[in-house]
Structure formats: structure tokens, C-alpha cells
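Student: I should like a close look at one part of this structure, namely the open sheets of chain B. Please describe how their strands are ordered and paired, and then set them beside the nonpolar cores.

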Amino acid sequence: MIPRRALLAFGLLAMAAASPAGAKPHVGQPAPAFQAVDADGRTRTLAEFQGRVVVLEWTNNGCPYVGKHYSSGNMQRLQRQAVKDGVVWLTVVSSAPGMQGHLTAPQAKAWKAKTKAASTAVLLDPTGRAGRAYDARVTPHMFVVDRNGRLVYMGGIDDKASSEPESLKGATNYVTAALSDLKAGRPVATPVTRPYGCGVKYGSAD
Amino acid sequence: MMRFLAGLLMALATAGAALAQPVNTGHLETELVAEARGVAPGQTIHAALRQKIQKGWHTYWRNAGDSGEPSKIEWTPPPAGWTTGAFVWPTPHRLPVGPLVNYGYEGEVLLPFAVTAPATARPGETVTLSGTAYFLVCEEICIPEQGVVKLSLPVTAGPAPADPKWGPAIRAALAAAPKRAGLAAAFEKRGERLALAVTGPALKGADLAEAYFFPFEPGLIDHAAPQAIERGPEGLTLTLAPGDEFQVQPGPRALAGVLSLGGAAYEVAAPMGPLPSGAGGLGPPPAKSALGAGSAGLGLPMAALFALLGGLILNLMPCVFPILAMKAASLAGHAHEGATARKQGLAFGAGVVASFLVLAGALIALQAAGAAVGWGFQLQSPPVVAGLALLMLAVALNLSGVFEVGLSLQNTGSGLAGRGGVAGAFFTGVLAVVVAAPCTAPFMAPALGWALTQTPAAALSVFLALGVGFALPFVAVAFAPGLLARLPKPGPWMDAFKKALAFPMYGAAAWLVWVLTQQAGADGLARILAAAVVLAAALWLAGAAQRRRLAGGRSLPLAAAAGALALVALVAAIVPRYALATPGAAPSGATAAVPYEPWSPERVAALQAEGRPVFVNFTAAWCVSCQVNDRVAISRDGVAKAMAAQNIAYLKADWTQKDAVIAAELARHGRAGVPLYLVYGAQGGAPRILPNILTEGTVIKALEAAARS
């Protein structure tokens, strides 16, 4: 069993090596591997969550679209439900130092506590490496990876491309739908949607 | 009285409308403005949401691109029967932010929309349309802003006069908005890309260099990916990177959006299906001048000027110098006969210009015939190279004094080394051009590329300028007695000088033999060396015959033998087909320091799909600047290390022999010749073109940048 897991991990790493930044992520194909330090200083990789469903949420605490989902408690609700169902929820910050939304580890911890976020971890990606590997373009940009490490959803959090809090009413949440599909063993009905929000504040140098 | 009151009310209302202050929402000022001072019952006029955006900030188009949100108005329900239409969106601008590209507006923008009054509207009443305008205003950060906007419109019995300020502005905005021009359009998947073809009268003959497709909806294309332009007789084909929505089956079945040509813009609706004909085949639009003209098109006068400068520079090129050395000797011989010098200078100039025009004409004809050739093609044919090598050898032997060129020979035109007479000067000019051609490519690529995509007349005038520039120094020397007088007086030194000048010619012959070896391998080398030995013997015999004739002896048998041997050498060198060396099979000696693979478009695509940065070197054995770049800038330890460290693939496209695929790729980048250096970033997209003169530092910097982008 252990060798098999190791093999899988090795396979994922090999895949990551074979498809570095540049190859855009494709639904139905292995999700791009990444490595990032979380708010507690631990190095996290996608490979360590092999066998579990993983949600990736790109965030920027200064972005009004992110604000809509956090101020209303919508994002935290989603996180709590998902984590309760055994899903790994990773919130990724790809803002470069000096750019809007950039967080240091202590800042990320404080932000997580303040917003009562229920995500598994907040990953710090100041170089934008993980963000670029996923072609994450906006905040919030959402990705769902199934138990086999395949990307099964990418796109918006819901179908209301607006920063107005009222737009949450009656919105169809695509991440909830994708997680329900996975839970029921169905293929994800809507695997690709249009992400909306603020552009990810990548460093312009790279 | 009533009418007076109504009129007064109307005036007040108009004044009120005019006084409506723009709302400042934080980073923009906004207001509703109308093209007319009122609206008649049943009439439709246009109003507009005006945005005056703070410098550095922008708002968005109907498709915001990678991020952002379009501006919108949420209307409070208007009075019964009144309707407002959707925005007529002006053509947006591309707004790059880091690696993302958004579509939107900066500065001041009007978003026009239609307002229709019901037929039941009562003249004299004033209707106020109001709503909340929402904007996402972004600089690097984004701020959603909103403001209540109002438009008061008096109902007038007949069409109201235009608003003096906003009437023309709104009509101009409507006139500039993308038009439906009855364009035929379709798209198809081509491997990992989408080909969008658009044809129609509006595109015929239009300047397509700025063409860009803005899709109405996000998710259809990768907004940040560059759009390669291929022109056709009836329109164009854009190569687009598909957006996320093509990842699901069946995927989008149509691409609708705006095709912008920089100025004019057209609405396009392209279903998936067979592409309309005439949308491709003419290559990319001419490259914007790489010589510093910026993004502005390289106009004919500028191109001609560059061509003239390029021609002047050619005089300094190593493959021209030997000819010039020869010509210098010739001028020195006539330095004290002004009229002769002038005549010779002019003849040389005429030879140069005529050759450029003939070459250009041939190139244009071949281009028109669709032949895959490029500038410098004459040195891609082994028989031509072999013939030139022998010619150079003959010229060198002549300068060495092995034989003299008689007037009769000279006048046949084969006496290229003839140092006397107008015909000799003319053919010296011709020879200079033939040998100079490969050198023109690196310097003149932009102008040549431009010229080759223009009308034949424009192309010919550029070549004319090139020729004039090339010939200018010598014609000037011929006409400036002051310069001529400074030339040393004829004397015994001239013979030594002439003999010394033989060595550049031997060098040129050796270089051509080396080129031939690159093309035809060791067998070709053996043949050309054998032919060279036979030719040398023939010319020695010819010289002997000349000396015997001068001494009054019988020279005919010797001359005949010389002629026969020369013929044998020439035939041996030129007639049998050269077995072409396989490209890439024999890396040329010193350049093996940095390992490379042969270039192919497929290989580039495959490497890009792997996410590897790619460095492509378009080179040719006969291209001197390519070889220099290779030695001083590419085949270096530092470059090898950078390539290994960044996992960069090095591909070489060897154009020593004719190759249609390479010629097409050069044309795609607006070039007619080598060298061309392309660096594809790890993130894919269009390659970066490196300068034609490289340093090791430039290459390493470009490679490191490519790994990061």
C-alpha cells in the first residue's frame, strides 16, 4: 500500500515535471501539481491529498468580488460544508508582494481567524507559480480535483458575475454542484464555467 | 398663454437637463447625455452613458476579458411605453495587466443606447429616465462604483434639434462602433488552436496589421494569447488560442465578436465549419519596422530611406568587400582621368541598380508564382555556389597575374574582373550585388519583408533605393575629383596592390567552397576542388597563350586547350546534380557546443505543449552574420548552461538549402531572409524576436526571460 502511494506521488511529481507552467490545466486530466507553504509554514503539495477531493479557491482579501462571498459568510459556509464532507479546501493567495491581497504567513493566519474561514489551509503563492500552473485569472477562481487527482471543475464560484451582495440570492453555486456530483459518484455536470472577479495580482516581473 | 407656459416649462426642463451635473463615483465621472434636445412621440433617438475615467484607470467592454465586469445601468422602470435599448459598445482596447488581458476603455468613453418615446407621448411633457449605473473601475486594483444617473427629455411635437455638444459626439461614437458589414466568417479547430477566417469586401485591400478579434463572450478564447494574422486575397485568418469552454464537449459552436482593424471594426459571427475561401495564403501582414519606427506602419518613404542606408552599410560587409577592393583598384587605375572615372562610377552604379532590380523582379515574380523562395536564394543552389566559387577563383588568379583579361573577353560580360572599360565596371557592379545578396538579409529584412508584401512598384522602388545606396560611395568617389585626387598615383605599386587584392578573392572562393560543402557534403567538396584545380590549369594555359601571342608566337593551340579545360571544370562543377547533404545530419563543427534539434513547426508546438521554452535559430551556412552570431553569442558556455538550467529546447532551422517550410516561417515573421532568432516563453504564446546582431548576454537574458514567461 505504501509503495503504491509513493508511486502515485512519484507519478504526480513526474507529471508536474513534464507539464510545468505553460501547459494550461484541462478538465478530465491530472490537475497540475504544486507546492506552496501554508500560513503555518508547512509545505503543502497536491500529492499529499491523493485520494481526497480537493477544492482550490484563489483569493485576494482586497477584491470586492471576494468580499461579496466572505462578508456574506457565503464562502465560509461552503468551506464548512465541504470540509465536513471530507473535502480538502485550499485557499490560495497568489498576490505578489506589494500587490493587493498579498499576505505574509502571520497576516494569512490573522485573516483566516478574522473571517472565520473554514478552509483546510491558506496557501501562500507569492511567486504566482501555483496560480500560473492553474491559469488562475481572477479572485475567486475555483477548481475542484477529484480523488484520482483529476481536474473536474474550473471556473466561477457561481453564475452571478457581480460584486453586489444581492446577487447571491438565487445564484447557482457551481462548486456546490460539482461537489454534490462527486459525492453522488456522478460525473460533474458543469465542469467549465466563466470565472469572474478581480484579476489575480501576479507580480509583473514574472 | 398655454403655449407660452408650455414653452417656458420646456425651456426650464431643457435648462434643467443641461444643468444635470455629472456624478463623481470615485474614479470616474458619469452622466447621461442625449444627442437631441428632445424627442418626438414615436421617435427613437440616441443617448449615451458618458464616462470620464481617471487617468490610469479603466472600465470594461461587454466582455471584460480575463477579469472585470462590464459597465451597466439598472433602470428604474421608465414611464409606460418608454424604452431604452442596449449599449452600442465602442470597439474596446486591450488592457494587459500582468499576464492577463482585459478588454475595456480608458479616458473618456460614450456608451450610446437608443431611447424610444411612445407614440402616445404628449408634446410639452418632460420625461425623466433614471437608473443606477454600475462600473467596475480598475487600475491594478478594482473598485466597484455606482451612481444614480438621470436623463430628462422634453417631448417635442417634431424631431428636436441636435444637442450642440453631445449630438455630434454621440453620432461619432455610433459611426465608429463596430459595423455589420456582411462579412463571411467561420472557424475550425486546428490542432490546439482555432482558425477564424473572415472575408468580405470591407477587408479586401485593408491594412490588416492591427487585426484583432474581440469575442463577445468570455471563455471562448484565451484573451492573453496573441492572435497570429494570415492575410488572404479576400480577407484574413486569425489563429486563436481556445478558451476554457472548448475543454468540454461539444464546446462552443460559434465565435461571435468584433474584428477590429485598429481603426475600422466589424461585427463577426463565425459558425464552426468550412472556412470561407480567400482568407489566407498571403502570409502575415508586413512586420512593423524592427528598425525603430515603432508601431507605426513602415511607409514607403521610410522603407526607401532604410533601404538606402542598408545599401550604404552593405559596402562594409565582408562578402562585398572583395568586390569593392577590386573596384578600388580599378578606380585607382583611372584616378587621373576624370571623365573615365566618372563613366566607370556610373557604370558600376548602373550595374548595381540593374542587378537589384532584376533580382527584385525575379523575386517578385517567383513570389507571385507562390514559389517558396527568399532573398539570398541564389546561394541556396549548389550549382550557383560552385559557379561563383570558380568565378572567384578565376578573378583571384587574374589578380595574381596568372592571366590577363583581354578586351574581347571583357566585352562578352564574362570578364567580371575586367578593370577597364565601362562594361567591366557595369559587371563589377552586377557581381557585387550577386555576392552581396546574402548580406542584405540580416540588415534589410524588415524593409525587404515589407517590400515583398507590397505592390511590385513599391517593392521595386525599395530595391532601387537599396541599389542606389550600395553604389553611392563609389559613384561619389568617381564624381568628387577631390577624393579621386587623394588616391595614390599609378605606378609599379599598383601591380603589388592588385596582387594583394587577389587574396580577398581567394578568401571569397574558399568561403563559397565551404558553403558548398555545407550544402553538398564531402562529395561536393571533392568535385569543386577538382574543378578548381582544372580551372587553375586552364587559366595558366590561357596566360601562357597570351604571353606567347604578345611575343608573336602561335597561341591558338594553348588557348584552345585552356578553353577546353575551363569548360571541363565548369561543367564538372555545375552540371551534375549535387547530392544534397541531409540537413541537421552534420552539425557544422564548432557549433556543436550547444546541442540542438532540427526545427519543425510541429516540434515547436510539441515543446510548447510540454511547457518548455524554445529557442529557434534560423540560419544558413552562407549567411555570414548567422555564423558570427553563432560563434560569438550562441555556441557559448553561458548559453549552454542557461539552456540546461532553464530546460530550454534549442532548435535550428537550417536554410542553407531551399526549404519551403522555413521560408514560410520566415515570412510569417515578416522576414525574407536569415538570421532570425525566436524565443518562445514557457507560457506559450507568440515568440519574442531577438535582434539580428546578438551578444551572449542578450541571448542568456532572453532565455532566462523566456523561462519565466
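Tutor: Two strands are said to pair if DSSP finds at least two bridges between them. The model discussed here is predicted. In chain B, β4 and strand β8 (residues 100–105) satisfy that criterion, since three bridges join them and they run antiparallel. One residue pair may serve as a point of reference: T59(B) has Y105(B) of β8(B) as its bridge partner. These strands belong to an open sheet of three strands, ordered β4-β8-β7 in chain B, with antiparallel pairing. Its edges are β4 (59–65) and β7 (93–97) of chain B, each of which pairs on one side only. On average, neighbouring strands of this sheet are turned by 50° against each other, direction ignored.

Another open sheet of chain B has four strands in the order β13-β14-β17-β16, again with antiparallel pairing. Here the edge strands are β13 (184–190) and β16 (228–231) of chain B, and each pairs on one side only. The average turn between neighbouring strands of this sheet is 20°, direction ignored. Within it, β14 (residues 193–199) and β17 (residues 235–240) of chain B are joined by six bridges in the antiparallel sense. In this pairing, A197(B) stands opposite T237(B) of β17(B).

As to the cores, the largest nonpolar core has 129 residues, and L196(B) and V198(B) are among the members that touch the most others, as are V55(A), V144(A) and V175(A). Strand β10 (residues 126–138) of chain B contributes the largest share of this core, seven residues. A second, separate core comprises 80 residues, including L535(B) and A706(B).

Conventions
Residues numbered from 1 in each chain as written. Chains lettered and ligands numbered in written order. Predicted model: local features only at pLDDT ≥ 70, side-chain atom pairs only at ≥ 80, totals over all residues. Core = buried A, V, L, I, M, F, W, Y, C linked by C-beta atoms within 7 Å. Buried ≥ 20, exposed ≤ 12 C-beta atoms within 10 Å, placed from the backbone. Helix = DSSP H or I, 4+ residues; strand = E, 2+ residues; numbered from the N terminus. Axes fitted to C-alpha atoms, helices over the stretch in contact; angles between N-to-C directions.
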